[in-house]
Amino acid sequence: MSKGLVTKEKWWKWLEDKKDRLFLSERAQKRYGSWFPPEVKVVKNGKEILLPSGEEMYRYFWAGEEWKVEEGEVNTAPLFFFSLPCEARAIIEITDKVFLHEPIDKNYRQRRKSLSLGILACLQPEPTCFCSLVGGGPFWKNEEALFLVPRKEDIYVEGEGELLSYSEEGGEKVKQEIQTLQKEVESGLPSPLPSYFSQELYQHFEDEEWDDISWHCMNCGACTFLCPTCYCFDLSIEGRLKGFQLRSWDSCMFPKFTLHASFHNPRPTGKERVRQRVMHKFSYFPEREGNFACVGCGVCVEKCPVNWDIREAIERMVEKIDRLRA
Amino acid sequence: MFEKEIRRKAKELLEAKTVDLVIGYTSGSLPFQARPILVSSPEDVGKLVWNHFARSNLARYLLPYRDSSKKIALLAKGCDARAVAVLLQEEQFPRERIHIIGLPCPGVISRRKLEEKLGEIKEEDFSWEENSFLFQGEKWEVRPFLEDTCARCRYPNPPLYDELIGEEKEPWRDGSVDYLKELDNQSREERWQFFAAELSRCIRCYACRNACPLCYCKECFAESDSPRWVNGVPTLSDNLFFHLGRSMHLAGRCVECGACERACPEEIKIGLLPLKVEEIVRENFSFEAGLSLEEEAPLLTYKESDPGEFIK
Ligand code: SF4
Ligand code: SF4
Ligand code: SF4
Ligand code: SF4
Ligand code: SF4
């Protein structure tokens with residue numbers, strides 16, 4: 001991995017042949033929009049590229065004597081996606097683990113292979129942000145992605161590849177400046193959840209606290225659809241003798257999500273659904289994959305119509321767990 | 001704003017066991033928010049608040065209790081009380097199970113409008129007065145900051161209540177600000193452009209439907225598998241189908257509270273559709289939902305003497 005400074009001029013030069021293949025997250029655009037050309041496609045988050053809200057998995061038709069099946073087409077042209085650290089982390093540490101571990105999702109893999117990530121340092125955490133609580137941070141980086149800190153006249157860059165060949169050595173002074181900046185931004189952010197949290201949380205599955213925690217949630221799909229890590233989908237066959245298999249987003253907040261063919265529903269009310277959302281992100285997923293399935297971006301907190309705040313649910317459970325441990 | 005009286009009343013009702021539960025608003029984790037809260041113990045009444053940020057229609061929080069025997073007190077703005085009246089008329093609850101604490105509504109304020117005009121805002125910079133507020137010492141009228149849905153409200157005062165806390169208010173509506181009327185004045189083409197743009201942004205999260213006190217079907221047509229009306233992909237055509245379908249299901253039932261629109265995470269002006277349908281019902285049937293328990297809802301009533309040939 002190398003580090004360096006890229007001047008504005010060179011940055012634009014590097015972007016020159018990528019203009020029609022550039023994606024930028026909405027939240028990154030608000031902060032860094034001026035660093036990107038007008039052609040950049042603004043998306044809510046990485047899901048819009050990797051897990052579109054609707055996708056034809058295959059087409060089929062009845063050819064008189066047998067079924068014919070054609071696989072759906074997936075883009076393979078190289079694309080660039082620039083986002084905030086939390087949003088990149090949602091891809092690298094959550095959706096990648098879901099779709100690239102066995103059984104591998106072919107469509108996701110193809111799209112992912114052609115996607116290069118750029119992480120733009122987060123210099124203004126918002127009141128709804130809590131990335132540091134869940135193992136990330138405003139300067140979170142990963143070796144597969146470019147890490148960028150846009151400054152007044154240049155961009156500090158870490159990573160590999162063509163952009164680095166445009167960079168100049170920044171020297172000790174720049175290193176110092178970046179470190180100071182990071183310290184400044186990170187000061188006062190919450191410290192990570194204790195390592196025992198995911199395991200102990202599950203012990204509170206039956207806790208009556210969930211009634212109160214979940215009470216005012218309306219079980220809509222706003223939080224899960226807008227969350228960069230929520231990846232649940234539904235599969236349906238659209239058509240009879242001719243049609244396609246459709247993959248579309250689904251949400252654990254919806255009553256049909258767990259409805260059995262027998263009409264039994266193991267998650268009959270809002271309480272079970274809210275508990276599932278929290279448990280999946282903070283217990284089941286981390287127990288399996290080693291990190292939370294929430295990157296603390298705060299989007300769900302900001303967008304919830306009734307101000308249901310996942311941080312409060314976590315806080316209440318932390319308190320319970322710590323009280324019992326004491 | 002009458003918080004003391006509200007808390008005192010809630011406490012009294014719970015202590016006397018007149019009700020088992022009180023549904024009201026409390027302050028949230030973010031500024032300029034009043035979120036729904038359930039209070040079941042007299043000790044917790046101090047959590048109740050009442051201000052300009054009571055965006056939800058609380059009547060929708062009654063719905064999970066339909067099959068219980070709990071007696072519930074509900075803090076109700078004009079539109080919340082109207083929604084309760086429709087629920088009672090539609091026999092979702094017996095009247096004696098719902099205790100309505102009526103609150104003349106000061107209007108819900110749009111945080112976005114505050115930010116647009118005042119820049120960065122903090123709660124401590126505001127002090128609220130009747131119909132106006134002081135922001136960093138400067139006086140502003142509340143009116144221009146109201147949610148679009150509230151600026152056209154006809155009934156800030158609950159038409160139905162067991163008791164009323166606060167003074168009855170004049171409606172804000174004077175015809176000068178009505179976002180529905182603005183749309184009426186456009187050409188069909190312009191309106192189509194407008195709705196196509198708005199509904200292309202819809203992610204079909206159903207927050208609008210779930211916020212609506214009168215969308216209480218056990219299985220919504222949008223989620224029905226047989227017949228299957230729409231699939232899960234938020235395309236313009238399916239979005240349009242869902243929202244038009246929903247508006248029609250609310251014809252003559254919608255109480256024009258605007259809770260659907262205020263719930264939308266994408267800030268889509270989705271209230272316009274049901275509100276327009278209610279305009280049509282008002283014009284054609286001289287009827288407004290939820291104003292009384294006696295008046296028959298025209299679209300839910302069958303009469304052999306109906307003048308419409310097609311229906312007989
Ligand atoms: S937390 Fe908020 S956004 Fe999520 S389902 Fe509940 S009400 Fe909807
Ligand atoms: S903060 Fe909310 S939206 Fe963001 S990753 Fe966590 S659950 Fe998803
Ligand atoms: S709340 Fe908004 S985004 Fe969600 S379904 Fe309704 S109109 Fe669409
Ligand atoms: S459709 Fe909208 S305005 Fe009408 S009652 Fe439902 S939430 Fe209120
Ligand atoms: S949209 Fe129609 S079917 Fe769906 S909940 Fe509302 S009234 Fe029922």
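Phe263(A) counts as exposed, at 69% relative accessibility in this predicted model. You will find Phe263(A) in the loop between β11 (242-249) and α11 (270-289) of chain A. Its phi is near 80 degrees, a positive value in a residue other than glycine.

Chain B offers a companion case. Ser286(B) has a positive phi of about 45 degrees although it is not a glycine. This serine sits in the segment after α10 (272-285) of chain B, and Ser286(B) is exposed, with a relative accessible area of 61%.

**Two cis peptide bonds**

Now look at the backbone just before two prolines. The peptide bond from Glu102(A) to Pro103(A) is cis, with omega near -5 degrees, and Pro103(A) belongs to the loop between α4 (85-100) and α5 (106-113) of chain A. In chain B, the bond from Ser226(B) to Pro227(B) is cis as well, with omega near 0 degrees. Pro227(B) is part of the loop between α7 and α8 of chain B.

**A helix with a buried face**

Next, turn to helix α7 of chain A, residues 171-186. This helix has 16 residues and reaches 23 Å from its first C-alpha to its last, close to the 22 Å expected at 1.5 Å a residue. Which residues of α7(A) are buried? They are Val174(A), Ile178(A) and Val185(A). Viewed down the axis of α7(A), these buried residues fall within an arc of 35 degrees, so they line one face of the helix. A general rule helps here: an α-helix has 3.6 residues a turn, so residues three or four places apart point the same way.

What do the buried residues of α7(A) pack against? Their partners are β1 (2-7), β8 (146-150) and β9 (154-159) of chain A. On the other side of α7(A), Lys173(A), Lys183(A) and Glu184(A) are exposed. Just after the helix, Gly188(A) takes a positive phi of about 85 degrees.

**Aromatic rings**

Over all chains, the structure holds 36 aromatic pairs. One of them joins Phe32(B) and Phe126(B): the pair is edge-to-face, 5.4 Å centre to centre, with 80 degrees between the planes. Phe32(B) lies in the loop between β1 (21-27) and β2 (34-39) of chain B and Phe126(B) in strand β6 (residues 126-129) of chain B, so the pair ties together parts that are 94 residues apart in sequence. Phe32(B) counts as buried at 6% relative accessibility, and Phe126(B) counts as buried at 9%.

Another pair is Tyr206(B) with Phe242(B). Their ring centres are 4.9 Å apart and their planes stand at 80 degrees, so the pair is edge-to-face. Tyr206(B) lies in the loop between α6 (188-200) and α7 (207-211) of chain B, and Phe242(B) in helix α8 (residues 236-249) of chain B, so this pair ties together parts that are 36 residues apart in sequence. Both Tyr206(B) and Phe242(B) are buried.

These two rings also belong to one aromatic cluster, whose members are Phe225(A), Trp249(A), Phe254(A), Tyr206(B), Phe221(B), Trp229(B), Phe241(B) and Phe242(B).

**Around the ligands**

Here is how the residues around three of the ligands divide by class.

| Ligand | Nonpolar | Polar | Charged |
|---|---|---|---|
| Ligand 1 | 10 residues | one residue | one residue |
| Ligand 2 | seven residues | three residues | two residues |
| Ligand 5 | four residues | one residue | two residues |

To see the shells for yourself, begin with ligand 1, where the surrounding residues include Cys217(A), Cys220(A), Cys223(A), Cys304(A) and Arg277(A). Arg277(A) is also among the residues around ligand 2, together with others including Cys227(A), Cys294(A), Cys297(A) and Cys300(A). Around ligand 5 are Arg209(B), Cys215(B), Cys217(B), Cys220(B), Phe221(B), Arg246(B) and His249(B). You have already met Phe221(B), as one of the members of the aromatic cluster.

**A lysine in a chain B loop**

Finally, find Lys71(B) in the loop between β3 (48-49) and β4 (72-76) of chain B. Is Lys71(B) buried or exposed? At 32% relative accessibility, Lys71(B) counts as partly exposed. Leaving aside residues up to four places away in sequence, Lys71(B) touches Thr18(B), Val19(B), Asp20(B), Leu21(B), Glu96(B) and Arg97(B). The C-alpha atoms of Lys71(B) and Pro106(B), 35 residues apart along the chain, are separated by 27 Å.

Key
Residues numbered from 1 in each chain as written. Chains lettered and ligands numbered in written order. Predicted model: local features only at pLDDT ≥ 70, side-chain atom pairs only at ≥ 80, totals over all residues. Heavy atoms only, no water. Near = heavy atom within 4 Å. Nonpolar A, V, L, I, M, F, W, Y, C, P; charged D, E, K, R; others polar. Helix = DSSP H or I, 4+ residues; strand = E, 2+ residues; numbered from the N terminus. Expected span 1.5 Å × (residues − 1). Buried < 20%, exposed > 50% of the residue type's maximum accessible area, 1.4 Å probe, protein only. Arc of directions from axis to C-beta. Contact = heavy atoms within 4.5 Å. Phe/Tyr/Trp six-rings, centres within 6.5 Å; stacked < 30°, edge-to-face > 60°.
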